[in-house]
Amino acid sequence: MLIQEDIDHRAVTLVINTTKLTGRTLKNAISQYLAHRRQRARDSPVGKQTVKELVGQGQGVTNIEITDGNIKSFERVARKYGVDYALKKDTSGERPRYLVFFKARDADALTAAFKEYTAKSVKREEQRPSLTVLLRNARSLVKPSPQKERGKELER
């Protein structure tokens, strides 16, 4: 019974208006149908989109706030998980906030993407200190050299 339901859901009705049905006509009709399906699949945006495109797909949209300015690394992880999302920058406060809008069906994938993103960012912070901290440490190790007097006196 379950196999029959699966076949029923995958059945396609193809209507061909022709005077004589030949194998070539049927082949052309099926290839046109498949080309149409591929075109429709390409038309629906995947990955990063605008908020308008995301809302226009007819599914519920939810959002999460990100305060970190390092959005590129999040985008890399979101692409890996195939999440359809839209970024919106909110500059109303002192520091800019980033809102990530995503479709409701992508909630589990987005949760996994956020877990990996936060794990990567925490690991990155633990592994290497920031460049400013390294420069401060290097500056304290180097002894200041005495200033040489420079003058532009011409001797004649």
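Student: Why is K120 called partly exposed?

Tutor: The relative accessible area of K120 is 43%. Buried means under 20%, exposed over 50%, and partly exposed in between, using a 1.4 Å probe and protein chains only. The value of 43% lies between these limits, so K120 is partly exposed. Please note that this is a predicted model, in which local features need pLDDT of at least 70 and side-chain atom pairs count only at pLDDT 80 or more, while totals for chains, interfaces and linings use all residues. Residues are numbered from 1 along each chain as its sequence is written, and side-chain values use heavy atoms, with hydrogens and water left out.

Student: What makes E116 and K120 a salt bridge?

Tutor: A salt bridge is a side-chain nitrogen of Lys or Arg within 4 Å of a carboxyl oxygen of Asp or Glu. For E116 and K120 the N to O distance is 3.7 Å, so the pair satisfies the rule. Both residues lie in helix α5, 4 residues apart, about one turn of the helix. Helices are DSSP runs of H or I with at least four residues, strands are runs of E with at least two, and they are numbered from the N terminus.

Student: How do you know that E116 also forms a salt bridge with K80?

Tutor: The closest N and O atoms of E116 and K80 are 3.1 Å apart, which is within 4 Å, and the pair therefore counts. This pair links distant parts of the chain, with E116 in helix α5 and K80 in helix α4, 36 residues apart. K80, E116 and K120 are thus linked in a network of salt bridges.

Student: Is E116 buried or exposed, and is K80 buried or exposed?

Tutor: E116 has 16% relative accessibility and therefore counts as buried. K80, at 57%, counts as exposed.

Student: Why is R97 called partly exposed, and with which side chain does R97 meet in a salt bridge?

Tutor: Its relative accessible area is 31%, so R97 is partly exposed. The partner of R97 is D90, at 2.9 Å from N to O.

Student: What makes β1 and β2 edge strands?

Tutor: Two strands pair if DSSP finds at least two bridges between them. The 3 strands form an open sheet in the order β1-β3-β2, with antiparallel pairing. β1 (61-66) and β2 (85-90) each have a single partner strand, so one side of each is left without a neighbour in the sheet.

Student: How do you know that β2 and β3 pair?

Tutor: 6 bridges join β2 to β3 (residues 97-103), and at least two are required, so these strands pair.
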